[in-house]
Amino acid sequence: MDYQQAEKMVRETLSQRRYAHTVNVKNAAVELAEKYGADPQKAALAAILHDAVKERPKEELLQILEENAIMAGDAKNSPPPVWHGPCAAILAKREWGIEDAEITDAISCHTTGRPGMTKLDKILYLSDMISAERDYPEVEELRALAKKDLDEAVLTAVRYNVRWVAQTGRPVDPLSLETLEYLEKEAAQSRLK
């Protein structure tokens, strides 16, 4: 599946609101990829597919995770709101012909991050948080940080994400917590250099 096929698929299957968000994420991802030296085509494809299954029923997502347990890893034990990332990555590999692990990994972790995030992982994670339709109080701060320092922007975005989920009383995904711990250690080591 190339970008045009992926874009057509999501346009036909997502609600108008979710599709608009997806296009906004793609635009932000391409901009960040160009700024930080990542492949804009990979960023566009990962972004256009990142929420491809977000509107599918929770039961269907759980079935995808269970039927693809090796590929899904521990995703089934994560809170259901993050299942769509690993599920989209699984379908990208199994059904949509996306063989590039850099793309599928970025799709998989776009809601939680992961320790050792690649540049594309960071770009997709951040693009999802700063897409044009977002209007939460901290979004302008993240947009400004994204223009200055990708690593600092992602660390800040993960901090906000963990805090917001905790404030709802829902469990914070363990992978998000691992990501935050990893990024904070990485930032501390970078300051020591």
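Which exposed residues does the face of H9 turned away from its buried side carry? We'll get to that helix after a quick look at the whole chain, keeping in mind that this is a predicted model.

## The overall build

There's no β-structure to talk about here: the chain has 11 helices and 0 strands. Reading along the sequence, you just get helix after helix, α-α-α-α-α-α-α-α-α-α-α.

How does the radius of gyration compare with that of a compact globule? For 193 residues, such a globule would come out near 16 Å, and the chain has 16 Å, so the two agree. Laid along its principal axes, the C-alpha trace spans about 45 × 35 × 30 Å.

## Inside and outside

Of the 193 residues, 50% count as buried. Sequence-distant pairs do a good share of the touching: among contacts with a separation of 6 or more, 60% come from residues 24 or more positions apart.

As for the outside, the accessible surface comes to about 9900 Å², and carbon and sulfur atoms account for 50% of that. On the charge side, there are 26 positive and 33 negative side chains. The centres of those two sets lie 3 Å apart.

## Helix H9, a two-sided helix

Back to the opening question. H9 covers residues 139–148, and its buried residues are Val139, Leu142, Arg143, Leu145 and Ala146. Seen down the helix axis, these buried residues fall within an arc of 165 degrees, so they line one face of H9. Note that Arg143 is on the buried list, along with Val139, Leu142, Leu145 and Ala146.

The face turned away from that buried side carries Glu140, Lys147 and Lys148, which are exposed. And what do the buried residues of H9 pack against? Their partners are helix H2 (16–36), helix H8 (119–130) and helix H10 (150–168).

## Thr22, a spot in H2

One of the helices that H9 packs against, H2, is also where Thr22 sits. Is Thr22 buried or exposed? With a relative accessible area of 0%, Thr22 is buried, because the cut-off for that label is under 20%.

Leaving aside residues up to four places away in sequence, Thr22 touches Leu14, Ala47, Ile48, His50 and Asp51. There's a long-range pairing to look at as well: Thr22 and Asp128 are 106 residues apart along the chain, yet their C-alpha atoms are separated by 8.3 Å.

Conventions:
Residues numbered from 1 in each chain as written. Predicted model: local features only at pLDDT ≥ 70, side-chain atom pairs only at ≥ 80, totals over all residues. Heavy atoms only, no water. Helix = DSSP H or I, 4+ residues; strand = E, 2+ residues; numbered from the N terminus. Rg over C-alpha atoms; globule rule 2.2 N^0.38 Å. Buried < 20%, exposed > 50% of the residue type's maximum accessible area, 1.4 Å probe, protein only. Contact = heavy atoms within 4.5 Å. Areas by Shrake-Rupley, 256 points an atom, 1.4 Å probe, with all protein chains shown as cover. Lys, Arg positive; Asp, Glu negative; His and termini not counted. Charge placed at Lys NZ, Arg CZ, Asp CG, Glu CD. Arc of directions from axis to C-beta.
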